[in-house]
Amino acid sequence: MVKICCIGAGYVGGPTMAVIAIKCPAIEVVVVDISKPRIDAWNSDTLPIYEPGLDEVVKACRGKNLFFSTDVEKHVAEADIIFVSVNTPTKTRGLGAGKAADLTYWESAARMIADVSKSDKIVVEKSTVPVKTAEAIEKILTHNSKGINYQILSNPEFLAEGTAIDDLFKPDRVLIGGRETPGGQKAIQALKAVYAHWVPEENIITTNLWSAELSKLAANAFLAQRISSVNAMSALCEATGADVSEVSYAIGKDSRIGPKFLNASVGFGGSCFQKDILNLVYICECNGLPEVANYWKQVIKINDYQKSRFVNRVVSSMFNTVSGKKVAVLGFAFKKDTGDTREAPAIDVCNGLLGDKAQVSIYDPQVTGEQIQRDLAMNKFDWDHPMHLQPTSPAALKQVSVVWDAYEATKDAHAVCILTEWEEFKKLDYQKIFDNMQKPAFVFDGRNVVDAAKLREIGFIVYSIGKPLDAWLKDMPAVA
Ligand SMILES: NC(=O)C1=CN([C@@H]2O[C@H](COP(=O)(O)OP(=O)(O)OC[C@H]3O[C@@H](n4cnc5c(N)ncnc54)[C@H](O)[C@@H]3O)[C@@H](O)[C@H]2O)C=CC1
Ligand SMILES: O=C(O)[C@H]1O[C@H](OP(=O)(O)OP(=O)(O)OC[C@H]2O[C@@H](n3ccc(=O)[nH]c3=O)[C@H](O)[C@@H]2O)[C@H](O)[C@@H](O)[C@@H]1O
């Protein structure tokens, strides 16, 4: 029986291993983590992450061929294939701070593997890492290898949160990079055999190590670039009377462009797009390619611009001040169907509104009040430019309330900001909301989820990203 161990029981390690376990009943899969609360949650009825379909998959194989444990060393020692799926955040201090990937967790995992291994291992990079990381990992593993053969593979993960289980069941492709040596090729085949249990062979791409590592950063950079491109267009749409949804539809009909990932928004969030692009920028700079670095940097600059443009629009529309006014925020997660708030645009938008002394009342179906308070108080690193939107001070956090109902959040509010595209926000009783709000009543739709025409009929002043502006908003132009 092949034994797999995955180091890191997070958003990637948990779901990917659960899917391997359910698709490969003859393989024993153990997911290990240094965080006891996380492992306890994986072993309980309330999993540590909210992901549609995940509960069913975990419950079907947990205790059979899927296990969660804090006994990291034991399971690493016993495994044939070790996935490393630890976090690789942006460095916040030292060389490359604000851009480079922090590989502390990866390095300590690699050292531990080297310490405890007694048999040959295939070590799989599942985390997103800078190109050439495998070389460094190889050095750590082989430095004191005691005759053990290590093969390093790069097998980046392309799942998106909220659709992780579907993405894992039917991946567009699985990418495996390895050394171009007989040992490297054999390791590639061993990992390919795992995925071949459910992924058609033509969808399993094999490459050299560096292509696989770089493809992951490139894929995220291209995806984020599409959003920044459409968001840049949204600003021009508002200035000219074009409608960004019509523009997206029209350009997406070109089969070379395609229709996906062209939704204008208040900005992209999530733990990876910004971090991976910053990492790409840093690698370009280190390789003496400043023009390439600046090209990708612009994707993040437009994203920051889109968030501050949204805040400016809210404030300027409401007579240039939100001081003392109640602003309801619907949605705090970085996208629908997840409780994850990492780099959520709502954090910057709320900090901006709080900076202008608004009273902010927040509702998200999956995010707790403690998480929101933590996110708003968190100091953000300054990656390359002065932050427009500063974190909220402890005193200003008193201006925040977190409630468990959209109607409660919007009661007596002057404005509603929709910052996550939860389905339930499309179905709210907006007449009821309007009746209970201060007048004039504003809706700032950062996700283009509401029917603006219907809301205008009710009496709202509505702002939708990249759509023709109400006369009111035209008269109060936002300062970009
Ligand atoms: N979140 C996502 O949707 C995706 C993330 N990725 C990449 O996957 C990697 C992991 O991301 P997430 O799962 O979101 O991170 P996460 O923060 O949710 O999980 C990482 C886990 O690793 C554990 N860990 C850290 N060091 C450890 C060690 N030495 N031994 C044992 N456990 C250790 C942490 O306690 C944590 O539970 C990152 O490199 C990320 O860029 C890739 C694709 C999608
Ligand atoms: O490396 C990663 O972590 C993952 O990053 C993204 O996945 P994720 O961040 O989970 O979610 P996305 O669906 O990509 O959304 C990212 C952000 O972009 C926003 N978005 C997305 C699409 C769009 O058209 N417009 C838009 O504003 C979303 O609302 C969200 O804030 C990629 O889609 C995954 O392929 C990748 O594996």
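**Exercise 1. The surroundings of Gly446**

Determine whether Gly446 is buried or exposed, and identify which residues it touches.

*Solution.* Gly446 has 28 C-beta neighbours inside 10 Å. A residue is classed as buried when 20 or more other C-beta atoms lie within 10 Å of its own. Gly446 therefore counts as buried in this predicted model. Its place in the chain is the loop between β13 and α17 (452–458). Residues up to four places away in sequence are then set aside, and the contacts of Gly446 are Ser265, Val266, Phe310, Cys417, Ile418, Leu419 and Ile465. As a distance exercise, one may add Ala41: Gly446 is 405 residues from Ala41 in sequence, and their C-alpha atoms are 33 Å apart in space.

**Exercise 2. The annotated active site**

State which residue carries the UniProt feature "active site", and describe where that residue lies.

*Solution.* The UniProt record, an unreviewed entry, places the feature "active site" at Cys272. Such an annotation may be inferred rather than shown by experiment. Cys272 belongs to the loop between α10 (244–252) and α11 (273–286). The next step is the neighbour count: 24 other C-beta atoms lie within 10 Å of Cys272, so the residue is buried. Beyond its neighbours within four places in sequence, Cys272 is in contact with Thr128 and Asn220. Cys272 also appears, with Asn263, Ser265, Phe268 and Gly270, among the residues that come nearest to ligand 2.

**Exercise 3. The shells of the two ligands**

For ligand 2, establish how many residues surround it, which helix gives the most to its shell, and why its position relates to both domains. Then describe the shell around ligand 1.

*Solution.* Ligand 2 has 20 residues around it. Helix α9 (residues 209–240) gives the most to this shell, with three residues. By type, the shell around ligand 2 consists of eleven nonpolar, six polar and three charged residues. Residues of this shell come from both domain 1 (3–199) and domain 2 (230–475), so ligand 2 lies between the two domains.

Ligand 1 is treated in the same manner. It is surrounded by 27 residues, the closest being Gly8, Gly10, Tyr11, Ser127 and Thr128. Helix α5 (residues 104–116) gives the most to the shell around ligand 1, with three residues. That shell divides into twelve nonpolar, eleven polar and four charged residues. Thr128 links this exercise to the previous one: it is one of the residues closest to ligand 1, and it is in contact with Cys272.

**Exercise 4. Two domains and a helix**

Give the division of the chain into domains, describe the contact between them, and compare the span of α9 with its expected value.

*Solution.* The chain is divided into domain 1 (3–199) and domain 2 (230–475), whose C-alpha centres lie 33 Å apart. To their contact, domain 1 contributes 18 residues and domain 2 contributes 20 residues. On the side of domain 1 that touches domain 2, nine residues are nonpolar, six are polar and three are charged.

Helix α9 has 32 residues. At 1.5 Å a residue the expected span is 46 Å, and the reach from the first C-alpha to the last, 47 Å, is close to it. Just after α9, Gly241 takes a positive phi of about 90°.

**Exercise 5. Backbone features in loops**

Locate Lys357, Asp412 and Pro440, and state which backbone feature each shows.

*Solution.* Lys357 lies in the loop between α13 (345–355) and β10 (359–363). Although it is not a glycine, Lys357 has a positive phi of about 70°. Its 13 C-beta neighbours inside 10 Å are the reason why Lys357 counts as partly exposed.

Asp412 lies in the loop between α15 (406–410) and β12 (415–418). Its phi is near 65°, again a positive value in a residue other than glycine. Asp412 has 11 C-beta neighbours inside 10 Å and therefore counts as exposed.

Pro440 is found in the loop between α16 (430–435) and β13 (442–445). The peptide bond that joins Lys439 and Pro440 is cis, with omega about -5°.

Methods
Residues are numbered from 1 along each chain as its sequence is written. Chains are lettered from A and ligands numbered from 1 in the order in which they are written. This is a predicted model: local features need pLDDT of at least 70, side-chain atom pairs count only at pLDDT 80 or more; totals for chains, interfaces and linings use all residues. Helices (H or I, at least four residues) and strands (E, at least two) are DSSP runs, numbered from the N terminus. A residue is buried if 20 or more other C-beta atoms lie within 10 Å of its own, exposed if 12 or fewer, and partly exposed in between; C-beta atoms are placed from the backbone. Two residues are in contact if their C-beta atoms, placed from the backbone, lie within 7 Å. A residue is near a molecule or strand if its C-beta atom, placed from the backbone, lies within 6 Å of it. Ala, Val, Leu, Ile, Met, Phe, Trp, Tyr, Cys and Pro count as nonpolar, Asp, Glu, Lys and Arg as charged, and the others, Gly among them, as polar. Domain bounds come from an automatic or database domain assignment. The expected span of a helix is 1.5 Å times one less than its number of residues.
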